[in-house]
Structures are given as structure tokens and as C-alpha cells.
Amino acid sequence: MSKPKHPRTLAETEAQAITRNIRVSPRKLNLVAGLIRNKPASQAVATLTFSKRRIAQEVKKTLESAIANAENNHQLDVDQLVVKTAEVGKSIVMRRFHARGRGRSARVEKFFSHLKIVVAERAAEPEAASSEQKAA
């Protein structure tokens with residue numbers, strides 16, 4: 001006997017990847033996630049590849065996983081994928097203590113984050129319609 005099948009929460013044209021407990025604060029991770037929101041997947045990968053932030057490589061891994069899920073599990077066209085959402089959430093907080101003067105101590109908090117990236121297949125636009133809009 002097994003558990004009942006969990007219903008799919010995403011649309012048929014969407015795929016996701018989740019990375020949990022990333023060792024960076026949610027505030028810093030959200031800055032990197034903001035770089036890729038609503039961009040085509042190929043452009044988002046290029047942006048993360050050349051980003052100077054340390055955590056950009058972890059975000060890139062998660063994005064590539066979402067793209068692979070879309071291609072292999074849901075048979076979506078990779079060239080039509082767009083980063084629909086990049087959600088950042090709080091995770092655990094490790095608390096450490098740092099020695100201070102006069103025998104005191106101060107608390108140091110080390111934040112962890114969750115990252116969820118959803119990619120969606122955008123509808124293929126006819127070439128004629130887009131060229132008419134550019135001409136007008």
C-alpha cells in the first residue's frame with residue numbers, strides 16, 4: 001500500500017527545481033535571483049555564468065536542473081523556456097558565539113536559504129505578427 005499520488009501544482013508548460021539549505025542569507029540570494037527573473041533561460045544562464053557573486057554558481061546549478069527537468073520529464077522545448085519565478089525563502093539559522101572584551105560574548109547568526117526556480121515554456125509567436133509590430 002502506498003500514499004495517494006500528489007496532484008501536480010504547476011501547469012503542463014512549467015517545470016521547477018528546488019535547492020534547500022544554501023549557505024547564504026536570503027537577502028543576498030534574492031539579489032542574484034532578481035537578475036534572472038522573467039528572462040529567457042539561455043540569457044539567465046549566461047548572466048549567472050559571468051556574475052561575480054559567489055552564490056551565482058549555486059543558482060546556476062538550480063536553473064540548469066529546472067531546464068533539464070523541463071526537457072526530460074515534461075518534454076518542453078528548451079529554446080522557448082523563460083524563468084517564470086525565482087523564489088527565495090528563509091531556512092535555518094545557525095547561532096554561534098564570538099568572544100568579546102571584558103569576558104562577554106556576542107551572538108553570530110549564520111543564515112541559510114531555500115531557492116525555488118520555475119521555468120515555463122512561452123508560446124511561440126508568429127514571425128509575421130512580430131515583424132508587423134516593429135514596422136509600425
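Here are some short exercises on the predicted model above, each with a worked solution.

Residues are numbered from 1 along each chain as its sequence is written, and side-chain values use heavy atoms, with hydrogens and water left out. Because the model is predicted, local features need pLDDT of at least 70 and side-chain atom pairs count only at pLDDT 80 or more, while totals for chains, interfaces and linings use all residues.

**Exercise 1. The nonpolar core**

Work out which residues have the most contacts inside the largest nonpolar core, and which elements contribute to this core.

Solution.

Step 1. Start with the term: a nonpolar core is a set of buried Ala, Val, Leu, Ile, Met, Phe, Trp, Tyr and Cys residues joined through side-chain atoms within 4.5 Å. Buried means under 20% relative accessible area, exposed means over 50%, and partly exposed lies in between (1.4 Å probe, protein chains only).

Step 2. The largest such core has 26 residues, and the most contacts inside it belong to Ile36, Val59, Leu63, Ile117 and Val119.

Step 3. Two or more residues each come from strand 1 (14–22), helix 1, helix 2 (41–49), helix 3 (56–72), strand 2 (81–99) and strand 3 (105–121). These elements are DSSP runs numbered from the N terminus: helices are H or I with at least four residues, strands are E with at least two.

Step 4. Helix 3 gives the largest share of this core, 6 residues.

Step 5. As background, nonpolar side chains in soluble globular proteins tend to be buried together.

**Exercise 2. A salt bridge between strands**

Find the salt-bridge partner of lysine 84, and then say how exposed each of the two residues is.

Solution.

Step 1. A salt bridge here is a side-chain nitrogen of Lys or Arg within 4 Å of a carboxyl oxygen of Asp or Glu. The structure holds 3 of them.

Step 2. Lysine 84 pairs with glutamate 14, and their closest N and O atoms are 2.3 Å apart.

Step 3. The pair links distant parts of the chain, with lysine 84 in strand 2 and glutamate 14 in strand 1, 70 residues apart.

Step 4. Now look at exposure: lysine 84 is partly exposed at 42% relative accessible area, whereas glutamate 14 is buried at 8%.

**Exercise 3. A network of charges**

Which residues are linked with Glu109 in a network of salt bridges?

Solution.

Step 1. Glutamate 109 meets arginine 95 in a salt bridge, at 3.4 Å from N to O. Glutamate 109 lies in strand 3 and arginine 95 in strand 2, so this pair ties together parts that are 14 residues apart in sequence.

Step 2. Glutamate 109 also forms a salt bridge with arginine 107, at 3.3 Å from N to O.

Step 3. Put together, Arg95, Arg107 and Glu109 form a network of salt bridges.

Step 4. For exposure, glutamate 109 is partly exposed at 32%, arginine 95 is partly exposed at 42%, and arginine 107 is exposed at 52%.

Step 5. In general, side chains of opposite charge can pair when their charged atoms come close.

**Exercise 4. Positive phi values**

Where do asparagine 21 and glutamine 75 lie, and are they buried, partly exposed or exposed?

Solution.

Step 1. Recall that most residues other than glycine have a negative phi.

Step 2. Asparagine 21 has a positive phi of about 55° although it is not a glycine. Asparagine 21 is found in strand 1 and is partly exposed at 43% relative accessibility.

Step 3. Glutamine 75, also not a glycine, has a positive phi of about 50°. Glutamine 75 sits in the loop between helix 3 and strand 2 and counts as exposed at 60%.

**Exercise 5. Sequence and space**

For alanine 120 and serine 25, give the location, the exposure and one C-alpha distance.

Solution.

Step 1. Alanine 120 is in strand 3 and is buried, at 13% relative accessibility. Its C-alpha atom is separated by 9.7 Å from that of valine 78, 42 residues apart along the chain.

Step 2. Serine 25 is in the loop between strand 1 and helix 1 and is buried too, with a relative accessible area of 17%. The C-alpha atoms of serine 25 and asparagine 72 are separated by 32 Å, with their positions 47 residues apart along the chain.
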